[in-house]
Amino acid sequence: MTSTLNDQLVKYKSILHNLDADELDMLIQHTKILAFNKGDVFIQQGSQHDELYIIIEGTVTVSAKILGHGIAKIETLGPGNFLNEVSFIMKAPSATSIVAGESLQCITITRAYFDFLDIYSPITKYKIIATLSKQICCRIRDIHTKLVKVIASLDMTTRSFVVEVIKSLNKPTMLTFEDVHESSNELKQSTLFKDFTDKEIELIMKSSEVISAKKNCLLIQENEIDRTCYIVLRGAVQSSIIQDSKVAKLSVIGPMILFCSISIIDHAALSTINFTTCENSILLKLTPEFLEQLRTTNTELWHKFYQLIGKSIISLERSMDKLDIRLNIETYNR
Amino acid sequence: MCRILSYLGKPIIVEELLYKPDNSFIKQSYHPQYMSHLLNLAGFGMVAWDGVSNNPTLPYLYKTPQLPFYDENLRNLTKKIMPKCILAHLRGVEYSNKQIVSMQNVHPFVFDNTNIALAHNGALYEFEKMKYDLLEYIKPSYIKEIKGSTDSEWIYAVFMSQLSSPAGQISAEEIAKAIIETLKIFHRVRKKHNIIVNSPVNLFITNGEFIAATRFVFDFGWFPKHSISPHASYHTLWYTYGDSYGYYDNEYKMKSSTEKSSIIISSEPLTQDTTTWMSVPEYTLIIASLKENDIIITSQDINI
């Protein structure tokens with residue numbers, strides 16, 4: 001191995017600790033380390049970029065044009081941080097601009113290579129997403145801490161005692177797949193499972209519970225460890241942050257969308273978000289036991305499934321960022 | 001299905017909103033970005049309040065069931081008028097010979113002796129079943145004003161009936177209360193007829209001094225059996241605010257300012273670049289009111 005390759009290997013290994021030597025070797029062959037000049041705006045807010053970056057040296061400044069606030073500096077990030085991850089995974093325009101600091105070097109993963117990993121090395125892709133997801137969980141916890149403080153300081157309306165009682169009494173009931181025949185067929189054909197084989201979808205469905213939950217049924221509670229995954233079949237679920245009985249809504253999760261708390265990524269982490277049905281709903285419930293079994297006995301399927309989890313966590317981060325802006329510009333629920 | 005644009009603030013040449021940006025309102029009739037499976041070809045309507053016009057509290061009203069992008073009169077008009085408040089609507093209906101495309105069905109609706117206008121984006125599933133149960137919630141003077149066949153005009157009549165003095169000054173609180181009461185009435189009537197199918201009700205209401213808009217769906221996530229509904233996804237609602245809207249720094253946008261002098265609330269952003277636009281969350285009522293040249297934005301959750 002040449003000294004340059006050796007240097008590269010050390011740099012990659014320092015960021016992606018969970019990749020083995022062969023996986024790192026392959027990554028080095030198919031990705032590039034790009035160096036940027038100080039002041040280069042290599043991610044422009046509002047445009048879509050098909051590259052995922054990981055900082056290995058130097059720093060970047062993240063900024064954004066925020067409605068009513070002009071251009072605001074959001075944070076400075078250093079080695080180990082992923083960049084452009086929301087835009088890359090969600091295939092959406094970037095919500096921020098990124099400016100290179102002194103002697104910036106980044107590993108650059110192209111979409112073509114990321115897609116290629118699905119076929120040639122799903123485990124490498126899984127490990128990259130796992131590292132990224134853990135980082136996003138940390139960011140979610142940070143934004144949550146900030147939002148909770150803001151909500152506590154605002155004179156927002158509080159949830160009534162009656163609603164609290166209804167929510168505590170409202171429990172889901174079990175259904176069978178025969179009861180929801182049409183929804184199950186839709187699930188098989190949905191884009192959610194587009195990368196799954198029929199056999200894999202059958203296995204997931206066979207191992208899941210179908211539940212019916214009336215409106216205002218709390219499915220995942222803030223400040224608890226809950227590693228359950230849900231897929232909405234009918235109806236909708238609202239994610240929210242509650243502080244001192246003041247509710248700040250995040251987003252609505254409709255049919256054929258998966259959601260879960262950050263506990264599923266970081267096993268010791270408490271859920272930061274409440275997930276409550278906002279319509280009468282039918283859901284597929286994937287228990288922590290089943291997911292653990294999948295992880296240990298059917299790694300191929302687990303790697304695919306983990307991509308859905310990663311996407312849902314990124315969506316959560318995006319909706320929390322949006323709430324952060326709204327709380328600053330609107331007189332919300334006051 | 002249907003696109004709506006509303007504006008409140010500094011007087012603006014209407015052409016800047018309707019024709020100039022890269023996702024201009026008129027372009028949304030034949031090339032909507034956020035609901036591309038159905039075009040909005042069943043009519044265009046606009047109400048506009050101009051502070052220097054004759055009787056400025058009443059709006060100017062322009063409606064046509066024709067395709068707006070072929071309308072030369074509209075284009076010429078928009079180059080000249082500079083209102084402080086606009087509510088424009090593009091009607092989109094299913095491609096079916098059962099649909100009635102006529103002037104009477106073009107939004108916004110404004111009854112006689114009032115200056116409150118309403119435009120609706122969405123459709124109430126099985127509205128025909130509900131219609132006559134709504135009569136008890138509509139003041140008799142408004143019943144005879146219903147001229148078209150849309151569910152939207154009935155929503156307008158129910159809403160107007162919830163206001164104590166529709167011609168006078170109305171506070172944001174009263175508007176919010178009337179909107180929520182209107183939605184509750186429809187919820188009750190739907191329940192009576194056991195209607196449990198996704199029905200979006202994105203309403204835009206204005207009197208030239210405020211804009212109220214809802215992003216709301218009854219029974220979201222419940223679809224008719226064996227059919228794909230054009231209303232399956234949650235209808236979008238966006239806003240942007242700032243000093244004034246126009247061509248600044250080589251792009252159409254709101255000129256950035258700490259003052260909120262102008263606001264646009266619309267079904268979709270007027271530009272491909274959505275950087276300075278904010279998406280309104282689902283189940284939300286947003287109200288923008290003009291107070292001494294400053295726009296106050298309030299929002300609240302809709303819990304029916």
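User: Let's start with the open sheet of 5 strands in chain A. What is the order of its strands?

Analyst: The idea is to walk across a sheet from one edge to the other and note each strand as you pass. This is a predicted model, and in its chain A the walk gives 9-10-17-12-15, an open sheet with antiparallel pairing.

User: Which are the edge strands there?

Analyst: Look for strands that pair on one side only. Here they are strand 9 (173-175) and strand 15 (258-260) of chain A. On average, neighbouring strands of this sheet are turned by 35 degrees against each other, direction ignored.

User: Could we zoom in on one of those edges? Over how many bridges do strand 9 and strand 10 of chain A pair?

Analyst: Over 3 bridges, in the antiparallel sense, with strand 10 of chain A covering residues 209-213. For a landmark on screen, find A:Met174, which stands opposite A:Ile211 of strand 10.

User: Now the open sheet of 4 strands in chain A. In what order do its strands come?

Analyst: Read it in the same manner: the order is 2-7-4-5, and the pairing is antiparallel. Strand 2 (41-43) and strand 5 (70-77) of chain A are the edge strands, each pairing on one side only. For the turn between neighbouring strands of this sheet, the average is 35 degrees, direction ignored.

User: How many bridges join strand 4 to strand 5 of chain A?

Analyst: There are 7, between strand 4 (residues 60-66) and strand 5 of chain A, and the two run antiparallel. A:Ala64 makes a handy starting point, with A:Ala72 in strand 5 as its bridge partner.

User: Stepping back to the whole chain, into which domains is chain A divided?

Analyst: For domains, begin with the bounds, then ask about separation and contact. Chain A has domain 1 (3-120) and domain 2 (137-329). Their C-alpha centres lie 28 Å apart. As for contact, 8 residues of domain 1 of chain A meet 8 residues of domain 2 of chain A.

User: And which element gives the largest share of the domain 1 side?

Analyst: Helix 3 (residues 85-90) of chain A does, with 4 residues on the side that touches domain 2. By class, that side of domain 1 of chain A has 6 nonpolar, 1 polar and 1 charged residue.

User: How do I read the boundary between the chains? How many residues of chain B are in contact with chain A?

Analyst: Count both sides, then see which elements contribute. In this model, 25 residues of chain B are in contact with 26 residues of chain A. On the chain B side, strand 9 (238-242) and strand 15 (294-301) are the elements that give two or more residues. Strand 15 of chain B gives the most, with 5 residues. The chain B side comprises 8 nonpolar, 11 polar and 6 charged residues.

User: Which strand of chain A pairs with strand 15 of chain B?

Analyst: Strand 18 (residues 331-332) of chain A pairs with strand 15 of chain B in the parallel sense, over 2 bridges. To find the spot, select A:Tyr332 and its bridge partner B:Ser299.

User: One last feature, strand 5 of chain B. Why is strand 5 called largely enclosed?

Analyst: For enclosure, check burial residue by residue. In strand 5 of chain B (residues 117-122), 6 of the 6 residues are buried, so this strand is largely enclosed by the rest of the structure. Strand 5 of chain B also pairs with strand 6 (residues 199-206) of chain B, antiparallel, over 6 bridges. Within that pairing, B:Gly122 has B:Val201 of strand 6 as its bridge partner.

Technical notes. Residues are numbered from 1 along each chain as its sequence is written. Chains are lettered from A and ligands numbered from 1 in the order in which they are written. This is a predicted model: local features need pLDDT of at least 70, side-chain atom pairs count only at pLDDT 80 or more; totals for chains, interfaces and linings use all residues. A residue is buried if 20 or more other C-beta atoms lie within 10 Å of its own, exposed if 12 or fewer, and partly exposed in between; C-beta atoms are placed from the backbone. Two strands pair if DSSP finds at least two bridges between them. Two residues are in contact if their C-beta atoms, placed from the backbone, lie within 7 Å. Ala, Val, Leu, Ile, Met, Phe, Trp, Tyr, Cys and Pro count as nonpolar, Asp, Glu, Lys and Arg as charged, and the others, Gly among them, as polar. Axes are lines fitted to C-alpha atoms, for helices over the stretch in contact, and angles run from 0 to 180 degrees between N-to-C directions. Domain bounds come from an automatic or database domain assignment.
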